[in-house]
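Visitor: I should like a close look at a single part of this model, with the criteria behind each term stated. Please take one domain of one chain and describe its sheet and its helices in a connected account.

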Amino acid sequence: MKMESEILGRPGHAENDVWRWRRDFPVLRETVHGKPLVYLDNAATTQKPQSVIDAEAAFYSRINANVHRGVHALSQYATDEYEAARDKVRRFINAADAREIIFVRGTTEAINLVAQSHARPRLTQDDNIIVSAMEHHSNIVPWQMVCAQTGAELRVAPVNDAGELDLDMFAKLVGPGTRLVALTHLSNALGSITPAARIVEIAHAHGVPVLLDGAQAIAHLGVDVRALDCDFYAFSGHKICGPTGIGVLYGKAALLDAMPPYQVGGDMIRSVTFGETQYNDLPYKFEAGTPNIAGAIGLGAALDYVSAIGLETIAAHERDLLDHATGLANGIEGLRIIGTARHKAGVLSFTLDGVHPHDIGTILDHDGVAIRTGHHCAMPLMQRFGIAGTARASFSFYNTRAEVDALIAGLAKVQEMFQR
Amino acid sequence: MSDLRDLYQEVIFDHYKKPHNYHALAEANHVAHGHNRLCGDQLTVYLRLEGDVIADLSFEGNGCAISTASASLMTEALKGRKLDEAEQLFQDFHHMVTHADAEPDPALGKLEVLAGVREFPARVKCATLAWHTLQAALKDRAEPVSTE
């Protein structure tokens, strides 16, 4: 029998940690088509550790009640847990104040909120918003919509052939009419890490606020919103081992205070008469209706879990996986890696000559290897590279070198089938 | 357990690598664009209808092995057919790729190589894209049809 370290391909204590972490994720024990699951679709969503599953179940089993409403004991417990989760988020991204943490459904809702509540009232036809060529549709379409509503212009900062943001071109696009910069922190389709702090610096020199789409970055990079000095930061819980349906908008308090509510209804008001309604304070002004209480508590548990391992440890292990995968992929004839930025994390996106990504996905799936194929909700980026789509393997800290090897073996099988 | 070879048969690869009737049709009197939202694949079907007979049929586009082979096989199967025969063939084909218990149907001829698709539900849309696009072409729909 092989030793674990042998399976992983190198000695050391870190691999034992990976196997220990894997035991915390029940789904990783599943088989698919009779083969052990090799889950390499982490950019789409991550798996959940038992502690997150337990946290949600414990809420519903023992303290389910609505928040911010009742005088009874359960309502108080639920409120305490919900607000404790908010503070965990605050600490995780190093925000100054828990009032700056708005619970939303996910990154998409966070961006729509900023588009409609922050940007829309400020935009005229002389203004513009800047995105990049490598945005996810969720960081394109909300801005297209608000531009259509106001007559403002949507400017697109280009990326080079390696999939890196062209910082000089970006700087030239920022002008007196620019009202907001909305950029990804880590591209879901390419894995490129954008120079977020530098982007913020350039934008702020023109007095322009910056929203960072952190849907991918949150699980791979240590995010410090105060060090980045970004004005808004959006992410989804499910991409960092948390539940679906819960996400976060961070915004600087002064900006959030100046914004009208996005949705209106219960819990977000101070007083209501038919003549006039006074809105609640931050963050409740932006949390109309009963929130996803269990989801927020689950997200808090996920952040506890990830923090206990540590983002530095996670980043180092994922770096090793990506280097290992990139090295092996480069040895495959006809394979072209899409996205070769110097600063990359977590994603190996590629095409294979003569084989459509969809067929790659089906054949790999047959061996239990789950990847994503297609345009990755980044159709303009695919057009930029002149392709219809890619096959994408995306890694998490619980993946092993052996799983990367299974991916590469699967690709050999794909080529063998198609070269008959 | 489903077998990959049931899906990826030799004939499928032949039609993927060298699709038949793969060109635009200058004399087409019906055209439609198809789009698989799942993967972004695009397909155009050209059709020349004479009375109720499909006199000529072709396609262009960029797709996976299954959608390309299915489009290629469809153009072969339908050339010279009457519209009601084409409609019946589509019904039979659709039944074959969506029903695990579908009996072999001699009327389907070569199209039967796509029967394996029924074991791969995620790929049914690939196999039916060309057929949906053909239906749109017959109705002269201006909007691209999708498989949703």
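Guide: The account below begins with the division into domains, turns to one domain in detail, and ends with its surroundings.

This is a predicted model, in which local features need pLDDT of at least 70 and side-chain atom pairs count only at pLDDT 80 or more, while totals for chains, interfaces and linings use all residues. Residues are numbered from 1 along each chain as its sequence is written, and chains are lettered from A and ligands numbered from 1 in the order in which they are written.

Chain A is divided into domain 1 (4–44 + 310–418) and domain 2 (52–308), with bounds that come from an automatic or database domain assignment. The part chosen here is domain 1 of chain A, for which the C-alpha centre lies 28 Å from that of domain 2 of chain A.

An open sheet of four strands runs in the order E13-E14-E17-E16 of chain A, and its pairing is antiparallel. Strands (E, at least two residues) and helices (H or I, at least four) are DSSP runs numbered from the N terminus, and two strands pair if DSSP finds at least two bridges between them. In general, strands of a sheet pair through backbone hydrogen bonds, either parallel or antiparallel. Strand E13 (335–337) and strand E16 (372–374) of chain A are at the edges with a single partner strand each, so one side of each has no neighbour in the sheet. From one strand to the next, the twist averages 30°; axes are lines fitted to C-alpha atoms, for helices over the stretch in contact, and angles run from 0 to 180 degrees between N-to-C directions.

Three bridges hold the antiparallel pair E13(A) and E14(A). Leu335(A) has Leu352(A) of E14(A) as its bridge partner. Helix H14 (residues 357–366) of chain A packs on this sheet, where it touches E14, E16 and strand E17 (390–394) of chain A. The direction of H14(A) makes about 160° with that of E16(A). Contact here means that the C-beta atoms of two residues, placed from the backbone, lie within 7 Å.

H14(A) also meets helix H16 (residues 401–418) of chain A. Two packed helices are described by the angle between their axes and the distance between the axes. For H14(A) and H16(A), the axes come within 9 Å and cross at roughly 120°. The two helices are therefore oblique to each other; angles under 35 degrees count as roughly parallel, over 145 as roughly antiparallel, 65 to 115 as roughly perpendicular and the rest as oblique. The crossing of H14(A) with H16(A) is right-handed, the near helix being turned clockwise from the far one by less than a right angle, whereas an anticlockwise turn would be left-handed. H14(A) contributes Ile360(A), Ile363(A) and Leu364(A) to the contact, and H16(A) contributes Gly410(A), Lys413(A), Val414(A) and Met417(A). By class, five of these residues are nonpolar, one is polar and one is charged. Ala, Val, Leu, Ile, Met, Phe, Trp, Tyr, Cys and Pro count as nonpolar, Asp, Glu, Lys and Arg as charged, and the others, Gly among them, as polar.

One backbone detail lies in the other segment of the domain. Most residues other than glycine have a negative phi, and most peptide bonds are trans. His33(A), which is not a glycine, has a positive phi of about 50°. This residue, His33(A), sits in the loop between strand E1 (31–32) and strand E2 (35–36) of chain A.

The boundary with domain 2 completes the picture. Here 23 residues of domain 1 of chain A are in contact with 23 residues of domain 2 of chain A. On the domain 1 side, helix H13 (311–330), strand E14 (347–352) and helix H15 (379–384) of chain A are the elements that give two or more residues. H13(A) supplies the largest share of that side, four residues. The domain 1 side divides into 11 nonpolar, seven polar and five charged residues.

Across that boundary, domain 2 is outlined by a few features. Seven strands of chain A form an open sheet of mixed pairing in the order E4-E10-E9-E8-E7-E5-E6. Its edge strands are E4 (101–104) and E6 (153–157) of chain A, each of which pairs on one side only. In this sheet the twist averages 20° from one strand to the next. A cis peptide bond, with omega of about -5°, joins Leu282(A) and Pro283(A).
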